[in-house]
Structures are given as C-alpha cells and as structure tokens.
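Hi everyone, thanks for making time for this. I'd like to walk you through one model today, so please have the viewer open.

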Amino acid sequence: MEYNIFFKEVFRLPGFWSELAKKCTFGLVSAGGDTAIKLAMWQHIYGSTWSPEDFADWNSYKHLLCAIIAFTPTAHLTVPFENARRAYYADKTWPVELRRNYTSPTQALFRIPFEEGPYHLVRGGFPIALNQWIFWTTYATIYTFHKNKYFFLWVYMDFGYDYCKLINQSIAFGIASVIAYPAYYTREMVDLWPKERGGHCTWNNEYRKCFRWMVENMDMLGYNFMTNYWQWMRRYGAIYFVGLWMADNMGMMSNCNEAFASLEQQNPIYTESS
C-alpha cells in the first residue's frame with residue numbers, strides 16, 4: 001500500500017515526465033556518442049586479431065595491448081557529455097540575467113559549441129578522461145582474459161554461459177571501477193573541497209597535481225578517495241555493465257568473425273589449438 005502511495009505521488013510531481021524524457025534522451029545520446037564508439041573501437045582493434053575458430057587465447061599482453069590501443073583515443077569522449085550535463089543543471093542556479101536557459105542537457109550539448117566555443121565542452125576533462133581510460137582498459141582486459149582462461153567451465157563442464165559471464169563481468173567491472181574511480185574524484189577535490197587560507201587551492205586548481213598528490217598519499221587515504229562512488233555507479237556504472245553485456249552478445253568480445261565459431265557456441269573439439 002505504501003509503495004502505491006509513493007509512486008502515485010512521485011508521478012504527480014510537477015515536471016516529472018518531462019524531466020524523465022530529458023534524461024532518457026540524453027542517456028541515449030551520450031551512450032551512442034560515447035560508450036558505443038568505445039566498444040566499436042575495441043571491436044575494430046581486438047577483432048583484427050581474429051581466427052577462423054575462436055581459440056582459447058589467454059595471452060594477457062594481447063588483451064591489454066588491444067585495450068590500450070582502443071581506449072586511448074576514445075577515453076575523452078565522455079567529457080563533452082559530462083560538461084553539457086553539468087552546464088544544464090548549473091544554469092538553473094545562476095541569476096536570471098546570466099542564465100543561458102538550456103531546456104535540456106541534450107540542447108546544452110548542441111548549443112555550447114556555437115555559443116561559447118567547442119573548447120568549453122572539453123574543459124577540465126583530465127579527471128574524466130583518465131577515469132575512462134583506466135576503467136575501460138582494465139574492464140575489457142580482465143573480462144576477455146577471464147573469458148579465454150575459464151572457457152572450460154561452459155564448454156566442457158556444462159555450466160550456463162550467462163551464469164559464468166555474469167560472474168566474470170561482475171569481477172572485471174568491480175576491479176575496474178574501484179581502480180578508476182579515484183581519478184574521477186579529483187575533480188570534486190579541486191572544485192569543491194575547502195580552500196586554504198586566502199582562498200588558495202592546495203593544488204593550484206590543477207587536476208594533474210591533485211591526482212599526483214592522490215597517488216602519493218594513496219597508502220594512507222585510499223579509502224577516502226572512494227567517496228561518492230555509488231553516485232558514479234548510478235550515473236555510469238549501470239550503462240557500462242549493460243553495454244559490455246550487449247557487446248558480448250553481439251560477438252564483440254569474441255576473436256572470430258562468425259558467431260557459431262565463438263567460444264560460447266563451438267564444439268569442444270575445436271576450442272583448443274593443437
């Protein structure tokens with residue numbers, strides 16, 4: 001009964017449906033312009049090492065090298081979408097005479113390059129780009145390495161592939177997100193943490209200096225750098241988890257061109273090279 005009352009009241013909030021539509025639209029736009037391109041680049045690089053049969057290959061250097069090549073030029077793609085989203089919500093807090101009056105994050109994304117210049121969409125992008133590079137490189141490397149390493153669980157031992165995939169992907173996602181999140185947190189440290197006397201920033205308002213300080217003090221303060229981790233998970237984590245799951249279903253995490261020859265489908269006799 002309480003749940004019915006809660007949802008009825010939520011749905012009646014002013015602007016609920018319009019704001020939901022804006023968020024869904026922006027989510028689709030950002031996923032298509034960011035996550036999809038990252039995974040397409042991964043498929044382009046990793047898929048170029050294909051074999052007629054998807055032989056189990058746990059050469060960790062190959063997985064890591066493909067990830068570095070694929071995500072180094074695409075790690076920055078998240079920055080414009082993050083800046084557009086922040087600009088939309090920040091615009092509501094300015095005095096009326098200073099507002100840009102963005103109607104949605106998607107509109108902000110398209111207006112900012114023409115009204116303020118393309119550079120404004122990528123300003124302050126170091127923490128986000130570094131976070132994305134560390135996350136996706138670790139995520140794809142661990143996932144594909146484990147997929148090739150433990151293929152026998154579903155090929156020979158008849159465990160369900162989706163069950164093994166869920167465990168494998170959860171491990172890869174957990175490790176990657178925990179390692180990468182502190183780089184994202186540097187933006188909050190520089191922008192929002194209290195300043196020293198006289199308004200002086202400890203890191204001179206430079207994200208790189210802040211990240212260097214963070215690494216040097218990781219042994220004592222490491223856990224503190226995970227503050228607001230679950231907020232990042234809600235904003236990015238769910239999309240990235242679903243994105244890799246769908247990519248694997250589409251064969252983008254396999255090392256062959258045909259689905260029937262992948263590790264998920266093929267006969268055990270073809271799985272290992274002689």
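I'll go from the overall fold to the salt bridges, then to the pockets, and finish with two single residues.

First, a word of care: what you see is a predicted model. The chain has eleven helices and zero strands, so if you read along the sequence by the DSSP runs, you meet α-α-α-α-α-α-α-α-α-α-α. The C-alpha trace spans about 70 × 50 × 45 Å along its principal axes. There are 274 residues, and 42% of them count as buried. If you take the contacts between residues at least 6 apart in sequence, 77% of those join residues at least 24 apart.

Now to the charges. How many salt bridges does the count come to? The count is eleven, and I'll pick out a few.

Let's begin in helix α2, which covers residues 16–46. Asp 34 forms a salt bridge with Lys 38, and their closest N and O atoms are 2.2 Å apart. Since these two sit four residues apart in that helix, about one helical turn separates Asp 34 from Lys 38. Are these partners buried or exposed? Asp 34 has a relative accessibility of 4%, so it counts as buried. Lys 38 is buried as well, with a relative accessible area of 1%. The cut-off to keep in mind is that buried means under 20% relative accessible area.

Helix α5 offers another pair with that kind of spacing. Glu 115 forms a salt bridge with Arg 111, with the closest N and O atoms 2.8 Å apart. Here too the partners are four residues apart in the helix, so Glu 115 and Arg 111 are separated by about one helical turn. Glu 115 is partly exposed, at a relative accessible area of 39%.

The next pair sits in loops. Arg 100 forms a salt bridge with Glu 116, and the closest N and O atoms are 3.6 Å apart. What does this pair tie together? Arg 100 is in the loop between α4 (78–91) and α5 (105–115), while Glu 116 is in the loop between α5 and α6 (126–149), so the bridge ties together parts that are 16 residues apart in sequence. Both ends are partly exposed: Arg 100 has a relative accessibility of 37%, and Glu 116 has 27%.

There is also a network. Glu 82, Arg 85, Arg 86 and Arg 235 are linked in a network of salt bridges. Please remember Arg 86 and Arg 235, as those names will come up again with the pockets.

So, on to the pockets. The largest pocket holds about 620 Å³ of space. It is lined by 19 residues, and those closest to its centre are Asn 83, Arg 86, Ala 87, Ala 90 and His 120. The elements giving two or more residues to this lining are α4 and α8 (161–192), and α4 has the largest share, with six residues. What classes of residue make up the lining of the largest pocket? Seven are nonpolar, three polar and nine charged.

The second largest pocket has a volume of about 490 Å³. Its lining also comes to 19 residues, with Phe 26, Gly 27, Ser 30, Arg 235 and Ile 239 nearest the centre. Here the elements that give two or more residues are α2, α4 and α11 (229–249). Which of them gives the most to this lining? That is α2, with eight residues. By class, the lining of the second largest pocket divides into nine nonpolar, four polar and six charged residues.

Last, the two single residues I promised. Gln 169 sits in helix α8 and counts as buried, at 0% relative accessibility. Where does its side chain reach? The side chain of Gln 169 reaches the backbone oxygen of Phe 241 at 2.6 Å. Leaving aside residues up to four places away in sequence, Gln 169 touches Tyr 139, Tyr 143, Phe 241, Leu 244 and Trp 245.

The other one is Ser 18, in helix α2. Ser 18 is partly exposed, with a relative accessible area of 39%. The C-alpha atoms of Ser 18 and Thr 106 are separated by 13 Å, with their places 88 residues apart along the chain.

That's my tour; thanks for listening, and I'm glad to take your thoughts.

Terms used:
Residues are numbered from 1 along each chain as its sequence is written. This is a predicted model: local features need pLDDT of at least 70, side-chain atom pairs count only at pLDDT 80 or more; totals for chains, interfaces and linings use all residues. Side-chain values use heavy atoms; hydrogens and water are left out. A salt bridge is a side-chain nitrogen of Lys or Arg within 4 Å of a carboxyl oxygen of Asp or Glu. Buried means under 20% relative accessible area, exposed over 50%, partly exposed in between (1.4 Å probe, protein chains only). On a 1 Å grid over the protein atoms alone, a cavity is a set of points where a 1.4 Å probe fits but cannot get out, and a pocket is an open set with protein on both sides within 12 Å along at least five of seven lines; lining residues have an atom within 4 Å of a point. Grid points are joined across faces, edges and corners, and a volume is the space filled by probe spheres set on the points. Ala, Val, Leu, Ile, Met, Phe, Trp, Tyr, Cys and Pro count as nonpolar, Asp, Glu, Lys and Arg as charged, and the others, Gly among them, as polar. A polar contact is a pair of N or O atoms within 3.5 Å; within protein, one must be able to donate a hydrogen and the other to accept it, and residues adjacent in sequence count only if both atoms are side-chain atoms. Contact means heavy atoms within 4.5 Å.
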